[in-house]
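The following exercises are to be worked with the sequence and the coordinates at hand. Please attempt each task before reading its solution.

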Amino acid sequence: MVLRRAEQHQFYMELTPLLFYFGAMVLRQAKCNSVCSSESITLVQSFLSNFSKLGLNDSKLYTPTLSNYGNCSRSTLRCFEMEMIVLVGETGQISTLPKRLNSLSRQLSDKFEHCPQCEVYKEEKAEEFLKTLLHILGIMCSSSNSSKR
């Protein structure tokens with residue numbers, strides 16, 4: 001099929017908006033996959049605000065520290081994810097937080113080749129665990145927002 005010059009021009013005029021649309025969708029997807037997740041922060045805050053109602057006073061969880069996050073970001077977030085699965089199971093709640101933490105951890109990398117396993121970290125009360133997670137997520141968002149400027 002041979003297209004005349006006018007038909008070629010018409011074809012390109014119809015194709016151009018489609019290409020712009022796909023380009024915008026790719027850029028939008030890249031922006032939506034930022035390391036910062038305000039939804040995750042909101043979910044952790046919700047757990048903290050309902051802490052006494054959920055009966056978590058005696059729960060202890062392996063809790064990485066901020067320095068662990070600095071050197072082993074991915075491993076640290078994976079540990080928080082696994083421990084959140086335990087916490088969500090203990091409360092009987094349905095939460096997307098473990099899935100969100102998994103998604104966030106896949107965007108990070110560890111500085112060290114061999115990072116500690118989750119079971120190596122000190123066991124802390126659930127409230128302290130949640131506060132530490134909230135602090136780390138806050139740092140992730142503040143560094144993510146400052147790098148966008």
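Four exercises with worked solutions follow.

The model is predicted, so local features need pLDDT of at least 70 and side-chain atom pairs count only at pLDDT 80 or more, whereas totals for chains, interfaces and linings use all residues. Residues are numbered from 1 along each chain as its sequence is written, and side-chain values use heavy atoms, with hydrogens and water left out.

**Exercise 1. Overall architecture**

Task: Determine the secondary structure content of the protein and the order of its elements.

Solution. Step 1: Helices (H or I, at least four residues) and strands (E, at least two) are taken as DSSP runs, numbered from the N terminus. The protein has seven helices and two strands.
Step 2: Read from the N terminus, the order of elements is α-α-α-β-α-α-α-β-α.
Step 3: Buried means under 20% relative accessible area, exposed over 50%, and partly exposed in between (1.4 Å probe, protein chains only). Of the 149 residues, 34% count as buried.
Step 4: Contact means heavy atoms within 4.5 Å. Among contacts with a separation of 6 or more, 88% come from residues 24 or more positions apart.

**Exercise 2. Helix α5 and its partner**

Task: Describe helix α5 and its packing against α6.

Solution. Step 1: The expected span of a helix is 1.5 Å times one less than its number of residues. For the 19 residues of α5 this gives 27 Å, which agrees with the 27 Å between its end C-alpha atoms.
Step 2: Axes are lines fitted to C-alpha atoms, for helices over the stretch in contact, and angles run from 0 to 180 degrees between N-to-C directions. Helix α5 (residues 73–91) packs against α6 (residues 97–105) at about 170°, the axes being 9 Å apart.
Step 3: Angles under 35 degrees count as roughly parallel, over 145 as roughly antiparallel, 65 to 115 as roughly perpendicular and the rest as oblique. The two helices are therefore roughly antiparallel to each other.
Step 4: On the α5 side the contact includes Leu77, Phe80, Met84 and Val88, and on the α6 side it includes Leu97, Leu101 and Leu104.
Step 5: The buried residues of α5 include Leu77, Phe80, Met84 and Val88, as well as Glu81 and Glu83.
Step 6: Just after α5, glycine 92 adopts a positive phi of about 75°.

**Exercise 3. Serine 73**

Task: Establish whether serine 73 is buried or exposed, and which residues it contacts.

Solution. Step 1: Serine 73 belongs to helix α5.
Step 2: Its relative accessibility is 11%, so serine 73 counts as buried.
Step 3: The side chain of serine 73 reaches the backbone oxygen of tyrosine 69 at 2.8 Å.
Step 4: Apart from neighbours within four places in sequence, serine 73 contacts Asn68, Leu108, Ser109 and Asp110.

**Exercise 4. Serine 59**

Task: Locate serine 59 and identify the side chain joined to it by a polar contact.

Solution. Step 1: Serine 59 sits in the loop between α3 (51–54) and β1 (60–62).
Step 2: With a relative accessible area of 10%, serine 59 is buried.
Step 3: A polar contact is a pair of N or O atoms within 3.5 Å; within protein, one must be able to donate a hydrogen and the other to accept it, and residues adjacent in sequence count only if both atoms are side-chain atoms. The side chains of serine 59 and glutamate 90 form such a contact at 2.6 Å.
Step 4: Not counting residues up to four places away in sequence, serine 59 touches Glu90, Glu124, Lys125 and Ala126.
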